[in-house]
Every structure is written in C-alpha cells, then in structure tokens.
Amino acid sequence: MKKYIDLMKSYTDKVKDNKLAQGILLGTYILVTTLSLYLSGKSVIAFLLLLASLLLLHFTKLGRNTKWGIAALVLVVLLPLSASQGDAYQSYMEVGTLVGIYVAMALGLNIVVGLAGLLDLGFVAFFAVGAYTYSIFATPQAANFLSFGTFPLGGEYFWVFILIGGFVAAIFGILLGIPVLRVKGDYLAIVTLGFGEIIRIVFNNLDRPINITNGAMGLSSITPPKLFGLTFTFPSQFYYIALVILVLTIFVVRRLEYSKIGRAWKAVRENDIAAQSMGIHLVRTKLTAFAIGASFSGMMGVVFAAKQTFVDPTSFTLLESITILVMVLLGGMGSVPGVILGAAIMTILNMQVLTELTNWLNQLSLNNVISIPDALSPAKMQRFIFGAILILFALYRPQGLIPAKNPIFNAAKLKNGSTPKGQEKQKQEVSLKKESASYVNLDS
Amino acid sequence: MLAEILHTLPQVLIDGLALGAIYAIVALGYTMVYGILELINFAHGEIFMTGAFIGTAILITLTGLGWIAVMPALLALLLVLVITSVLTGFIGMGIERIAYRPLRKAPKLITLITAIGVSFLLQDLVRFITEVKRGNYILTGPSMFTDRVEVKTSSVLSVFNDASFKESFIIVFVVAAIMMITLDFFINKTKWGTAMRAVAQDRDTSALMGVNVNKVIGLVFFLGSALGGATGVLFAIQYGTIDPYIGFILGLKAFTAAVLGGIGNIRGAMFGGILLGVLEMFASANLTLMTNGVFGAEYKDVFAFAILILVLLFKPEGIFGKVVMEKV
C-alpha cells in the first residue's frame, strides 16, 4: 500500500513543477468535461465540472497570458458551445450571466470590505441604484417627471447607461461614504445597513407624490439592449455582456490592488490612525473605495435590470447584501481570485444546486422513497446555509478559501536594478507570499 | 395642523409607551453586551423573536391542554414568561459560548459577521420548526388581555381626543418596568452586578482581581437574552401575530435606542427605548400631516434609521454616554 502512495506522491511531485504535464492534464480535463456536457445536453454536474476547470487553471503554474487565454477559450467558446446542445441551454447561460453579475458585485464589495476594511452591510443599495437608473429611463416611467424627451429610450442607450449607472452609483457611494468620515468599525456597519434599508424603503414608496419608481409594483417591460440592430433578449446573449464587464472589472481591480491607492486602502484597513500619520488622506482614500466599489455594483445593476426586464424593491433586500458579504468572506477578504471563487460558488449554490436538490427531493417524495417536509426544501434554507457559512468561516477559516497574498519585493534586487533593463527583471522577482496573519485585520 | 397633532397626542403617547417599553428592554440586551464586549450582538433581535415563538408555543400548548381556561390569566402569563426567559437565556449563553467566545481576540468585525450568521441561522431554524409543526411560519397566538380600556383624556384638556388601549398594554408596561427596575438593582447593588461593571471597565484587571470573566460574560448574555425573550412574549401578546423576521428590524431599532441613550449605559438604554418608541409612533401618526401627504406612515422605519444615523454621526456617545478617545 505504502509503495503505491509513494509512487503517487512522486508523480504529483513531478507534475507540481512541470508546466507541460499540467497543461496536458488540464487540457484533457477540459476536453472530457466539455464533451460530456456537449453529449449529455442537460447535466448540471458536467456544467459545474467544466466551470471547475477554471479553478484548476488558477492553481497551475502556467504563464499569466496562457492562463487568460485558456480561461477566455473556455468561457467564450467551449462553455456556450457545449451547453447549447441541450434544452437547458438558456438556464445554463442564465446561471453564467448571474455568476458574472455577482462576481463583479463581490469584487466591488471586496474593495470596500476586503481592501479598505470598511464593513458595508447595505451594498445592494448601489445595485438597486444602478438597476433603477436604467429601468426608469428604459420604461415610460421617466415621462412622469420629465417634460422633455420621449421615453422609453431605445435599446441603443443601454451601453451609455452602463456607464451612467456606474456613475450614479458612485455618487451614491460618495454620499453614503461621507458618514465614513465620522464613524468607523461596527458603527459604520450599522450605518450602512440603515442606509441600505432606507434606500429600499424609499424606492418602495417613491410612487408618491411624483411617481418615479412605481413603488412596490416595480417597473416592467424594460427595453432590452440593442447593438447594430441585434436585440439582446436571451440569457445566452447577456452572458457575453456580463463577461465583458466582468473582465474589465477584474482588470481594474487587479491594477488597483497594487497601485498607490490600493496600498493606501490596505494601510487604512490595518490601522487608520497610523495610516493617517504616514500621510494618507483618510477621507479621500475611504471615499474612493466606496465610490469604486459602488460603481461596479451599479454597472451590474444596469445589466441585471435589462436581463430581468423587471425590477422591484424585493430584489434589493438585506438578504442580498448579506449574500454578497458571504461571497467575499467565503472566498477570502481582499483576495481577488478568492472572491471570484466565492461569488461563483454562492451564485451556483443559490441558483442551481439548491433548486436541483429541491427538485430531486420532490421527485423522491413523489415516488414515496422518502418524505421531506416542504419546510425543509433546500431552496428555502438559504438563510440557514448562509448563516452557517458565515459562522463556520469566521470561526475556522477567516482568511477564506483562497487567502489574500501580498507581494514580497526582493530588496537587494531592487537596489541593484535601477536601469530599465533591470526593472524588467525585478518584475519577475516579485513573488507572492501568503499573508502571515491568520486574520485579515479589519479593525484595530 | 397643531390642533390635529394635539388631538391624537394621548393615543400616540400610549402606543408609543408600549412600543418604547419593548424597545427599551431589547435595548438593554444590546447595551449590556456592548458594554462588556464592545460587540453588536446582531443575534439579540433574533433571541427576542425566538422568545416570542417559544412563548406563543407554550401558550398554544397550554390552551390545547385546557389549562388556560382554568388558570388565572396572570398566572399563566407569569409561567410563560419564566419558562421562556430561562430558555432564551440559555440560548443566549450557548450562542456566546459557540460563536463569540472563540473569537474574543479576533478583530471586532469578524465577530460582527458571525453575529449576523447566528442571526440568520436562528431565523431559519425558527421558521423551519414552525413551518413543520404548523404548516405556516406566521403564527397567531391565543388572544389574551384584549379588553379595551377607554381613557377620557378629553376631560383633562379639551383639545385631546379620547384614547384607548388594550389591557395588554398595562401588562407590557408593568412587566417591562419590573424587569428594568430589577435589572438596575441587580447591576448596581449586587456582587455579580459589581463584577459585571468591573469586567465592562477593564476585563484584564478585573480578572486579576479575582473576577471570573467568562462566567460574568456568560451571565450578561443570560440576563440580556432572558430579558429579550420575555419581551418577545410581551410583544406577541400585545401585537398578536408574529413571524420569524420580526426580530431583525426590531433589533436594529432597539440598537438605535441603545445608541441614543449612550451605548453601555443601562439607564440610557431604557430612556432611549421609550424615547424612540414615542418618536416613532409620533412619526407614523403625523408624518402625513406634517409633510402634506408627501411622506406617509410607511416612512416610519426610515425615520427610525434616520435617527440612528444622525445620532451616530453627530453624537455617537449618545445622550448619557461618555466620549472615548481612541489611540493607535
């Protein structure tokens, strides 16, 4: 027995540093899962396994550009292509779109909570702001309070509204962020929670005196986006919109993380008084975090509204805010790959696994195999599952699934390599080391 | 406009006092825990909700056994209050033991996140149990103390309208007053109360002075949760229908009350609770009138949250609190 284990170990050791072997294994894996999804048509397991290839990709030692290339191949070509064979194509793409939307939102919250250390419990408010910004103008609603222009606006305006939605949400972020100047820590969490609830209640009641949001009835038949005469109505089309915005988001977040402002956020997170005494402008730093985080959320709000073609205040409850927080905590606060993983897991769990489990259990109860009371159906247990994840991860793995890493710079190399040629070399020397503290220190 | 506000004032005051008494006791739980651990115990609102469900369940069982019919109503209420408060007290202690104690050295926000998790978990557990037992998670308890009492406030001042309240209002108010006075006495006059205040001031030093810190913290959670659970029973009796989601918003408002009175300050929390209850009732009765129909009673929650945010922004130490300097 031991012989086999040693043999296995020697193989894994060989693979660990062998890029070619990793590439071949990953390629086989992707091929097998793609084929099984392609042939079976409707198989949640194959779909999930294919998505999991991106996780494997993350852990391979391949070069960065190769990784991006493979990820793009899987997401743009293989996944839609292989899923398109079954009748569940649209539902898979729906899940894919929602994963994109939630990942971008979680990345936004990650800037606020993970990098800047400001616990925001009302984050979904920005999502709501983005969603309503588009839906008010993409339905006849705007005509109620604007005397000029014809509404609804055409689907071509959607692309502009992605930017407008992000911008309006950022403004709301700054408005909400102004209290940040005064309160901190847990008080901040409560204030943001209060703001989130206030925004929801206001949207719920803003049908009087002027009908702006149509109150609890919500806004329906929102104009779908249009590009070069092509109308986006199916989830399989929205999938690509979400994907493009998501890639932009990831790009921006990655660039920000190691930039001057990113390092300032981390300094504020560790200790804001100390950071201030080192010359960091606290107010500006915190407000930027709020504004940038909110703008991602707002942009995705616009996409969400266009995809659903219907928004109402019930989509923006506290439960949603907490769900996004769970995504960030599950993946690892401050860690971009972690948050992407966390958001993907939570969305798929929410949208697909729980509903599939419920259907399966219902099927079993129908066939009298077992009897599960309706109250226990997994789709209803969201709060239980989220609560349990929050507690278990806070207790046993506060750094999340993929912990955040800080770049370690080689001081000797930095001193030597002042020439441009040397600088190029240093870049490769930047290695990533796990953060030594077991907690991402949020608050002093 | 002023005359109209005055007309309804007695009724607003009565309703506000009932609501305020409930806020005040729940606020006590927040303020005690915050005073000792500097933690916003998000789960406290859920303890309150659990108390309401346990109490209603006991009342329904007793009614089913036919005991309510033969027992004096007050005795039945006392029995329910005692059982519920002991049970919720232990639930509170259990939560502290499992979810908060291991994290006492961790950053505060991690504990806050666990508290939110506990709160969600409790909500769903209660929903689940109720739904399995009753088929529906919205529960209506047996009606008790529903006779209406008329108060002839118009004879005091002619601008007032007559007000009326249910008998349960007296129960809520009297029980709340007894609980608050007892707690105040306990904290200020007994040995355990002194230990609690010592731990709140300086945990390490009081440990050196021979105070069993863990026991004291457990006691704080027991007391706060017992009071919260008992308040839940009072709430169920006063308002009739309960669901598993009443705790969160009410808890948030009770926390507002605690902050309003100065967090960590027991008497402040009582005062803040009453004040917030009256203000909220006043807002829900008169917002429409005062803003010419632009904002209606549906904005009363916004009003409460606005108070919370304004207090946190401009006077975070509350009405009776002390300003604390922060150092690196």
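Hi everyone, this is a short tour of a predicted model, starting where chains A and B meet and ending with a pair of helices in chain A.

Let's begin at the interface. On one side, 35 residues of chain B are in contact, and they touch 40 residues of chain A. Which elements of chain B give two or more residues to that side? They are helix H5, residues 108-134, and helix H12, residues 300-314. The largest share comes from H5(B), with 16 residues. As for chemistry, the chain B side that touches chain A holds 27 nonpolar residues, alongside three polar and five charged ones.

Since H5(B) gives so much to that contact, let's stay with it for a moment. Is H5(B) largely enclosed or largely open? Of its 27 residues, 19 are buried, so the rest of the structure largely encloses this helix. We can also check its length: at 1.5 Å a residue, H5(B) should span 39 Å, and its end C-alpha atoms are indeed 39 Å apart, so the two agree. Just after the helix comes B:Gly135, which has a positive phi of about 80°.

Now over to chain A. Here, helix H5, residues 89-115, packs with helix H9, residues 235-257. Their axes are 8 Å apart, and the angle is about 20°. Angles under 35 degrees count as roughly parallel, so that is how H5(A) and H9(A) run relative to each other. The crossing of these two helices is left-handed. Where H5(A) meets H9(A), the contact residues are 17 nonpolar, six polar and two charged.

That's my tour, thanks for listening!

Terms used
Residues numbered from 1 in each chain as written. Chains lettered and ligands numbered in written order. Predicted model: local features only at pLDDT ≥ 70, side-chain atom pairs only at ≥ 80, totals over all residues. Contact = placed C-beta atoms within 7 Å. Helix = DSSP H or I, 4+ residues; strand = E, 2+ residues; numbered from the N terminus. Nonpolar A, V, L, I, M, F, W, Y, C, P; charged D, E, K, R; others polar. Expected span 1.5 Å × (residues − 1). Buried ≥ 20, exposed ≤ 12 C-beta atoms within 10 Å, placed from the backbone. Axes fitted to C-alpha atoms, helices over the stretch in contact; angles between N-to-C directions. Parallel < 35°, antiparallel > 145°, perpendicular 65-115°, else oblique. Left-handed = near helix turned anticlockwise from the far one by under 90°.
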